[in-house]
Amino acid sequence: MPESTPRDAIALLKEDHRTVEDLFEQFEKASGDGRKEKLAQQICLELSVHATIEEEIFYPACEGKVEEDLLKESYVEHDAAKILIAQISSGAGESDEFFDSKVKVLQEEIEHHVEEEEKRMEGLFAQARKAGLDMDALGEQLAARKAELTETYKATGIPKPELKTMDEVAV
Ligand SMILES: [Fe+2]
Ligand SMILES: [Fe+2]
């Protein structure tokens, strides 16, 4: 679907999920010549933009309309993923002996998180839909912010993620 086609918030967010799933699949099959590194960077960029638009626009709109625990868990799952994203996007790339493992674990975390958002009936999206959120208006806001962030991150790199639910951890 072309970027300019207006679509509702859930359709847009689900489309992002499919894009990232596809990139993870390509990563699994890729080898050599920095191909994996390139794909990993693309995954980190997509996920950073996606997490930001959800946290800035979609999740706040869900406040008070969906199960509170589910929404809180979503923020924590984002934060957990951001730690790996920061590692992968600014790390040593393919020369890190744990590089593939980090991407794999990120993929597993995201699969779980996407399931929580998309689950039929009781998932976050289903609850938001049932609560009657204005998905067309939200879709427009998400699309505009997504375009803006993608351009910035492509130009200046993926920023250090901001954690919402935990302090910086020193280990
Ligand atoms: Fe999502
Ligand atoms: Fe999310």
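Is glutamate 117 buried or exposed in this structure? Glutamate 117 is buried, with a relative accessible area of 0%. Here, buried means under 20% relative accessible area, exposed means over 50%, and partly exposed lies in between (1.4 Å probe, protein chains only). Glutamate 54 is buried too, and its relative accessible area is 0%.

A few ground rules will help. This is a predicted model, in which local features need pLDDT of at least 70 and side-chain atom pairs count only at pLDDT 80 or more, while totals for chains, interfaces and linings use all residues. Residues are numbered from 1 along each chain as its sequence is written, chains are lettered from A and ligands numbered from 1 in the order in which they are written, and side-chain values use heavy atoms, with hydrogens and water left out.

Now let us turn to the metals. The iron ion (ligand 1) has as its protein donors His17 (NE2), His50 (NE2), Glu54 (OE) and Glu117 (OE), which lie 2.1 to 2.2 Å from it. Donors are N, O and S atoms within 2.8 Å of the metal (3.2 Å for Na, K and Ca); water is not among the atoms, so sites may look incomplete. The angles among the four donor atoms of this ion run from 82 to 171°, and the site is irregular. Four donors count as tetrahedral if all angles lie between 85 and 135 degrees; four count as square planar and six as octahedral if opposite donors are over 155 degrees apart and all others between 65 and 115; anything else is irregular.

The iron ion (ligand 2) is held by Glu54 (OE), Tyr59 (OH), His78 (NE2), His113 (NE2) and Glu117 (OE), at 2.0 to 2.3 Å. Along the chain, these donors follow the spacing E-x4-Y-x18-H-x34-H-x3-E. The two iron ions, ligand 2 and ligand 1, are 3.3 Å apart, and glutamate 54 coordinates both. Tyrosine 59 lies in helix H2 and glutamate 117 in helix H4, so this pair ties together parts that are 58 residues apart in sequence. Helices (H or I, at least four residues) and strands (E, at least two) are DSSP runs, numbered from the N terminus. Both tyrosine 59 and glutamate 117 are buried.
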